[in-house]
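Please look over the model below together with its sequence, and then read the short report on one strand and one surface patch.

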Amino acid sequence: MDERSHRMDKNQLSEGIVYLVGAGPGDPGLLTLRARSLIEGCDVLVYDHLANRKLHNWASAECERIDVGKSPGRHTMEQSEIGKILVAKAQNGLKVVRLKGGDPFVFGRCAEEMLALDEADVSYEVVPGVTAALACAAYAGIPLSHRDFGSSISFLTGHEDVAKESLRVDFAKFAEVGGTLCIYMGMSKLEEIVEKLLVGGLSKDRPAAVVSQGTLPGQRKILAPLGELVEQAREGDLGAPAIIFVGNSIGLARSSTWFERAPLFGRRFALTRASGQKSKMRSRLEALGAEVIDLPLIKIEPAEDRKLVAEVFAGIATYEWVVFTSANGAKAFMEIFFRAYSDIRSFGPMRIACVGESTAEVLQAYQLNVELIAQDSTAEGLAKELIDTDSLDSANVLVITGNRNREILVDVLEGVGRAIVDTLPVYQTDFADVLEAADLGTFLKDGADAIIFTSSSTALSYVEQSDDLIFQEGARKPILCSFGPQTSKTLQENDLKIDLEASHPSTDGLIDALVEHFSASG
Ligand code: SAH
């Protein structure tokens, strides 16, 4: 091959690139803007267990996701194999993001991956991340330096492989260095590390701390003098991943921080609604400090009767009211609408009523004025408020529904309100197979504080699949929490005890009930 064709070949092949990206310590809010945009635009996402799984949602649906995870003592993939995957994907011209927990260059074995890429002449870039020690310190209120108490900060590692007998660092020597020590991967050798530090000359009174699962909803910490650290860590059952801190400035730590004081901090809730739905409930719960796991028990798919749609749309100008009973219905309807018309003005002068805020938001996004949002977000509430407008007598009303909607709304509008009602089903709700839920393993192993049923269909699906929902020993047993009276009724009819019902059937009502219940029960 002459030099020119060699260069050409190289150019063709070198379109692919690997980004070694710091995924931060856990909280997705701690990634850099660059990391986020690279994840959003990549063809292949290579990750391990230290990078929060939620980050995968930022990648496109087409993006290939490869798990190369390993945990101490359980190597699922050799480092050399990971290198090979990165090289092969990039040589195929793909944009590869290799997510590394925390910062790629801090005990992340990034150097080995860099070498593999260098050897194969593959382009790469490194994107820094917030390393666990700094993030844990910040979220747990542990200052790492102080003018008088700590003028150096050391990052040390206990081990990289539990199977390896000896510690990698001479901790007795670091006792002399003093300052603040931040020890990664030290939990399985905690006793030995503490002993070496004491032998090296640190006092038993030297302030110390352990922070596990830092920045995550399950964050736990203990603050203790070095001499008591092992016992307290054992009692507190603090496991990996955790950072051990030792140093005088640790003595200035606060017992609780903004992060740990959030009303639902440390609580885990399972949401049963269909996956892929933008969830206000999820973001509200997370903002209050809770961990949210997805256990979709239903799936929602667009479903329409073309003939019926054609009939309704032919007479769309004749309706006085259009009534939306769910956000899913509103979304599916607008999709169908824009397939038929290209201009929002074709919507006509219909007045719009919605069962609740999130349904209204879908329409308001098109600048459509929602005239009525039921205060009490139930079909009965909506029917009553519509009748109260005194505009239904002989009026043509279009009700947008799913396949499982209750008849009650239509009955009341026709019976009491004397309206002429057409219903247009636009989506279908079916039970989702719980065995396919990505978070099922975590749910059954660790349990949750509450399982939240957002509709009767989620409750029915739960009953039907209860054989697949048996908790492992030691899992937290969740209380059953219902969104509203109809869902509660379905649960009761199936002999399930409702522990908590939303103060009124809306996201806010549910969140209020959870906060009240869980902050009161400590
Ligand atoms: N590159 C990573 C460190 C990888 S080594 C970084 O910069 O953070 C893995 C170790 O990091 C764990 O054993 C633990 O000591 C620490 N660690 C990672 N995430 C953590 C977290 N959320 N909370 C506490 N420690 C964490």
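The report goes from the whole protein to a strand and then to a charged patch.

This is a predicted model, in which local features need pLDDT of at least 70 and side-chain atom pairs count only at pLDDT 80 or more, while totals for chains, interfaces and linings use all residues. Residues are numbered from 1 along each chain as its sequence is written, and side-chain values use heavy atoms, with hydrogens and water left out.

The protein has 18 helices and 21 strands, taken as DSSP runs numbered from the N terminus (helices H or I, at least four residues; strands E, at least two). Along the principal axes, its C-alpha atoms fill a box of roughly 90 × 75 × 45 Å. Of its 522 residues, 49% count as buried, where buried means under 20% relative accessible area, exposed over 50% and partly exposed in between (1.4 Å probe, protein chains only).

Strand E1 is largely enclosed by the rest of the structure, because six of its six residues are buried. On one side lie Ile17, Tyr19 and Val21, and on the other Val18, Leu20 and Gly22, so that both faces are covered. In a regular strand the side chains alternate between the two faces of the sheet. E1 pairs with the two strands tabulated here, a pair requiring at least two bridges found by DSSP.

| Partner of E1 | Sense | Bridges | Opposite residues |
|---|---|---|---|
| E5 (residues 123-127) | parallel | five bridges | Val18 and Tyr124 |
| E4 (residues 95-100) | parallel | six bridges | Ile17 and Lys95 |

Elsewhere, Asp411 lies in helix H14 (residues 408-415) and is partly exposed, with a relative accessible area of 46%.
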